Amino acid sequence: MKQVEPPSCSRVASTVFVGRNRRGNWVARERNGLFGGLFVNRAQALKYALFENGHRRENLIEVSREIELDIPPIRRLPARGAYA
């Protein structure tokens, strides 16, 4: 069986915050907004967070305050041949 590498895996483990947003959904969000997601339960949010940070529990922070999934927008390059 081929082992799948987490999409966000790097040499330095990412710190991931896990908590609820104002609507009661579970949120897992990387500290700098590099990745994240919304989940219906805590178990799935933690599972995702662990997968994304290389299974490093010491880099998970469960917060008691509300957190939101604020991921910066993707910067798009101009289309080829487009003139400004």
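These legends accompany a set of views of a predicted model.

**View 1. The whole protein chain, with one helix and four strands.** Here is the fold to keep in mind as you move to the close-ups. Starting at the N terminus, the elements follow the order β-β-β-α-β. Of the 84 residues in the protein chain, 33% are buried. Among contacts with a separation of 6 or more, 50% join residues 24 or more positions apart. The protein chain exposes about 6,900 Å², and carbon and sulfur atoms supply 51% of that area.

**View 2. Phe-35 meets Tyr-48 edge-to-face.** A search of the whole structure turns up two aromatic pairs. In the pair shown here, the ring centres of Phe-35 and Tyr-48 are 6.2 Å apart, with 75 degrees between the planes. This pair links distant parts of the chain, 13 residues apart. Phe-35 sits in the loop between strand 2 (26-30) and strand 3 (36-39), while Tyr-48 belongs to helix 1 (residues 42-52). Phe-35 has a relative accessible area of 7%, so this residue counts as buried.

**View 3. Phe-39 and Tyr-48 make a tilted pair.** Tyr-48 appears again, now with Phe-39 as its partner. Their centres lie 5.2 Å apart, and the planes meet at 40 degrees. Is Phe-39 buried or exposed? Phe-39 is buried, because its relative accessibility of 17% falls under the 20% cut-off.

**View 4. Three rings in one aromatic cluster.** Put the two previous close-ups together and you have the cluster of Phe-35, Phe-39 and Tyr-48. Tyr-48 pairs edge-to-face with Phe-35 and in a tilted arrangement with Phe-39.

Technical notes: Residues are numbered from 1 along each chain as its sequence is written. This is a predicted model: local features need pLDDT of at least 70, side-chain atom pairs count only at pLDDT 80 or more; totals for chains, interfaces and linings use all residues. Side-chain values use heavy atoms; hydrogens and water are left out. Rings of Phe, Tyr and Trp (its six-membered ring) pair if their centres lie within 6.5 Å; planes under 30 degrees apart count as stacked, over 60 as edge-to-face and the rest as tilted. Helices (H or I, at least four residues) and strands (E, at least two) are DSSP runs, numbered from the N terminus. Buried means under 20% relative accessible area, exposed over 50%, partly exposed in between (1.4 Å probe, protein chains only). Contact means heavy atoms within 4.5 Å. Accessible areas come from the Shrake-Rupley method with a 1.4 Å probe; for residues, only the protein chains shown count as cover.
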